[in-house]
Amino acid sequence: MPSQVRPQLRLIVGLGNPGADYAKTRHNAGFLFLDSLAAERSCAWSKEPGFQALMSVCSIAREKILLLKPQAFMNRSGQSVGKVARYYKLIPEEILVVHDELDFDVGVLKLKKDGGHAGHNGLRDIIAHLGAKDFYRLRIGIGRPGGGMEVADYVLSAPSKNDWQLMLSAIDHGKGFIDQIITGDISAVMNKLNA
């Protein structure tokens, strides 16, 4: 094995629910991010039944980066992430999870490392299957429901046209930092996004 330093990040996970019914819902922000990133970099997806996922090997910042979209439903996302992490011998610090964030206004984008799941079932399952929480998270704000709407109904519904555009803008903004994140300049990205 070459003695070069391993890249800071080796796996980017997008969270969402499989199937056309969920494709344009708030909860699928992570899938939307990875689909857009893969399309921009001309990276093809392949079905990986053993990992219960769609995967792509993408060249980013001259590194081979794994992209992963778990195909079990959101609350079972950790099964795929855990299997991939074990197979490729990844440590949590080499993983970035992209997901929707209720606690941010629509379109707000922030990067963090570590932390709990704050009620997000995808994160909850990933933490359980990795046995660790010190992976990176790129959080795409979707806002909170108003008018007494249940959170579960809200995250699984389609955003308004304006909110959809704000989400897409946040995704485009986030993609612009991916090379910098891969090369290990994560603190600088955090400072820019979280200011």
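This is a short walk through one predicted model, taking the sheet, the helices packed on it, the cores, the disulfide and a few backbone angles in turn.

Let me begin with the sheet, since much of what follows refers back to it. Seven strands make up an open sheet with mixed pairing, and their order across it is β2-β3-β4-β1-β5-β7-β6. The edges are β2 and β6, the latter covering residues 109–113, and each of these two strands pairs on one side only. Averaged over the sheet, and with direction ignored, neighbouring strands are turned by 25° against each other.

Going through some of the pairings, β3 and β4 are antiparallel and are joined by 8 bridges, and within that pair A53 has P70 of β4 as its bridge partner. The two strands form a hairpin, with 2 residues between them. On the other side of the matter of direction, β1 and β4 run parallel and are joined by 3 bridges, with I12 bridged to L67 of β4. As for how well β4 is covered, 6 of its 8 residues are buried. At the far end of the order I gave, β6 and β7 pair in the antiparallel sense over 5 bridges, and there L111 finds its bridge partner in L138 of β7.

Now to the helices, and what does α3 pack against? The buried residues of α3, which spans 121–130, are G122, L123, D125, I126 and I127, and they pack against α2 at 77–87, β5 at 95–101 and β7 at 136–141. In α2, the buried residues are S77, G78, S80, V81, G82, V84 and A85, and their packing partners are β1, β3, β4, β5 and α3.

The two helices therefore deserve a look as a pair, because two packed helices are described by the angle between their axes and the distance between the axes. For α2 and α3 the angle is about 35° and the axes are 7 Å apart, and the crossing is right-handed. On the α2 side the contact is made by S77, G78, Q79, V81, G82, A85 and R86, while α3 contributes G122, D125, I126, H129 and L130. You may notice that both D125 and I126 of α3 are among its buried residues and also take part in this helix contact.

Let me turn to the nonpolar cores. In soluble globular proteins, nonpolar side chains tend to be buried together. The largest nonpolar core here has 37 residues, and those with the most contacts inside it are I12, F33, L96, L111 and I178. The element that gives the most to this core is α1, with 6 residues. Apart from this core there is another, of 19 residues, which includes A85, L90, L123 and F135. Returning to I12, and leaving aside residues up to four places away in sequence, its contacts are L34, L37, I65, L66, L67, L68, L96, V98, I178 and I182. L67, then, is both a contact of I12 and its bridge partner in β4.

Next, the disulfide. A search of the whole structure finds 1, and it joins C43 to C58, with 1.8 Å from S to S. Where do the two cysteines sit along the chain? C43 lies in the loop between α1, residues 29–40, and β2, residues 46–48, whereas C58 belongs to strand β3, residues 53–60, so that the pair, 15 residues apart, links distant parts of the chain. The angle about the S-S bond is 75°, and the link of C43 and C58 is right-handed. Both cysteines, C43 and C58, are buried.

I will finish with backbone angles. Most residues other than glycine have a negative phi, and most peptide bonds are trans. Against that background, S42 has a positive phi of about 55° although it is not a glycine, and S42 lies in the loop between α1 and β2. Is S42 buried or exposed? Because its relative accessibility is 69%, S42 counts as exposed. A61, which is likewise not a glycine, has a positive phi of about 50°, and A61 sits in the turn of the β3 and β4 hairpin. With a relative accessible area of 22%, A61 is partly exposed. Two more positive values follow helices: K89, just after α2, has a phi of about 55°, and G131, which follows α3, has a phi near 65°.

Note on methods
Residues are numbered from 1 along each chain as its sequence is written. This is a predicted model: local features need pLDDT of at least 70, side-chain atom pairs count only at pLDDT 80 or more; totals for chains, interfaces and linings use all residues. Side-chain values use heavy atoms; hydrogens and water are left out. Buried means under 20% relative accessible area, exposed over 50%, partly exposed in between (1.4 Å probe, protein chains only). Helices (H or I, at least four residues) and strands (E, at least two) are DSSP runs, numbered from the N terminus. Contact means heavy atoms within 4.5 Å. A disulfide is a pair of cysteine sulfur atoms within 2.5 Å. Two strands pair if DSSP finds at least two bridges between them. Axes are lines fitted to C-alpha atoms, for helices over the stretch in contact, and angles run from 0 to 180 degrees between N-to-C directions. A nonpolar core is a set of buried Ala, Val, Leu, Ile, Met, Phe, Trp, Tyr and Cys residues joined through side-chain atoms within 4.5 Å. A crossing is left-handed if the near helix is turned anticlockwise from the far one by less than a right angle, and right-handed if clockwise.
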